[in-house]
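Got your viewer open? Let's take a walk through this model, one selection at a time.

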Amino acid sequence: MPADVNIWILAGTGLAAGLLGSMLGVGGGLIIVPVLTLALGLPIQYAIGSSLVSIVINACTATSVYIRTHMTNLKLGLLLSCTLVPGAVAGAFLAAGLSSPVLTIIFALLMLYVAYVMMPKKRRRPLPEQTEAAKIVHEKEHAPHAWLDGYYYDPAVNEEISYRVHRPVIGMVTGFFGGVISSLLGVGGGIINVPVMNQIMKVPLKATIATSSLLLCFTTMTGSLIYAYNGYVAPQIIAPLIISVYLGARLGATLAHRTRSAVLITIYTVFLVLTSIIMMLKALNLFG
Amino acid sequence: MECQIDSRHEKLHSLNRRLSLALRAGIAVSLLLIVGGLILYFFSGAPHTMALTPVTSLAPGLAALNPAAFITAGLIIILLMPIAVLIMSLAHFIAAREKQPVIVCIVLLVMLAASLILILK
């Protein structure tokens, strides 16, 4: 059980996690876990447990908004959760068997990967014949899972967007690994689910993000239960964290329209790279 | 046929609205309990380190204004929210006679129950 912790650092961490989480669409876990371990000196298992609990409330809040606007593909979310939940259980048990330095190094590597993914890149457009060929294959493959198809109203273009869900089996297989990563490292798992749903399953980005928040509810709930049962969730840590993450997320949603996301992404990327280096050095006993 | 699809979409929208309402209500209650627990923690001179209250001691803990019991109750409500979403969805899909989503909901419910059993073991 961790001793006395600075409530202001906790509140500040939660606020930053909620703020950046809602403004950039990233999980707060990549901020909460390193700050709790580096600034407060908490064992990484406590940091992961606390992070998971705060992501549950963040994900539930986001889901309540997205589902009201019908952007969430409920059927797809429930289907993918069928493999995400066992993945989350496997990840939490795996974390219990790993030592803190190993877990810290894996976490630092994930941070570097996310920093790389978030860097702006030039996109290569597929050739027209490639997309046409892909369309024909998709039509043939599609019929058995037409019940997963979705639609939503997009106010930005003022029209209803209908879409088909492709390759749900691949989504379910990768979903399992998303669950493992989520519980193992205390992050949302969206870093795996979002690209898979958007790029491979061809779900539009807005519906992907909305459905991903529903997935987070299930994965982080499962992970939280395991960490709480093992005594890695301390009330005096999670209470200020949950409240500040919630407030940060609400504030972020308001500020999102007024802030330049490129600046935020740069700050976030620099934070991820620096923190991952410090975490790695600490794990290898080369730092402080 | 078109009319049938429209009615199905309308029912799904109604489910979405109910789910959103349930989630917002759950979050509000949970946050109230957690804020209450935090206030009690600061003003009751509770020990710096607290553990979550076991479910069996939750009611006496709440009655005794134990901060850990309040925070634990808030946490339990948050963790129950996804299960509430699942049960409400299952009831909807059964009523709408949509076979595949019903199977998915049951499988997920079984997965969650199995996870719970595994955790408690």
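**Stop 1: chain B by itself**

Select chain B: of its 121 residues, 36% count as buried (a residue is buried if 20 or more other C-beta atoms, placed from the backbone, lie within 10 Å of its own, exposed if 12 or fewer, and partly exposed in between). Before going on, know that this is a predicted model, where local features need pLDDT of at least 70 and side-chain atom pairs count only at pLDDT 80 or more, while totals for chains, interfaces and linings use all residues. Residues are numbered from 1 along each chain as its sequence is written, and chains are lettered from A and ligands numbered from 1 in the order in which they are written.

Now switch to a cartoon view. Chain B has four helices and zero strands (helices are DSSP runs of H or I with at least four residues, strands are runs of E with at least two, and both are numbered from the N terminus). Chain B has a radius of gyration of 19 Å, well over the 14 Å from the globule rule for 121 residues, so it is more spread out than a compact globule (the radius is taken over C-alpha atoms, and the rule is 2.2 Å times the number of residues to the power 0.38). Along the principal axes, the C-alpha atoms of chain B fill a box of roughly 65 × 30 × 20 Å.

**Stop 2: Ala63(B)**

Click on Ala63(B), which sits in helix H2 (residues 58-63) of chain B. Is Ala63(B) buried or exposed? It counts as exposed, because it has 9 C-beta neighbours inside 10 Å. Then pick Ser89(B) too: the C-alpha atoms of these two residues are 34 Å apart, with their positions 26 residues apart along the chain.

**Stop 3: where the chains meet**

Show both chains. Here 43 residues of chain A are in contact with 40 residues of chain B (contact means C-beta atoms, placed from the backbone, within 7 Å). On the chain A side, helices H3 (44-68), H4 (74-97), H9 (205-229) and H10 (235-255) each supply at least two residues.

**Stop 4: a helix pair**

Finally, select H4(A) and helix H4 (residues 99-120) of chain B. Their axes come within 9 Å and cross at roughly 20 degrees (axes are lines fitted to C-alpha atoms over the stretch in contact, and angles run from 0 to 180 degrees between N-to-C directions). That makes H4(A) roughly parallel to H4(B) (the word covers angles under 35 degrees). Among the residues making the contact are Leu78(A) and Val85(A) of H4(A), and Val104(B) and Leu108(B) of H4(B).

Methods. Contact = placed C-beta atoms within 7 Å. Parallel < 35°, antiparallel > 145°, perpendicular 65-115°, else oblique.
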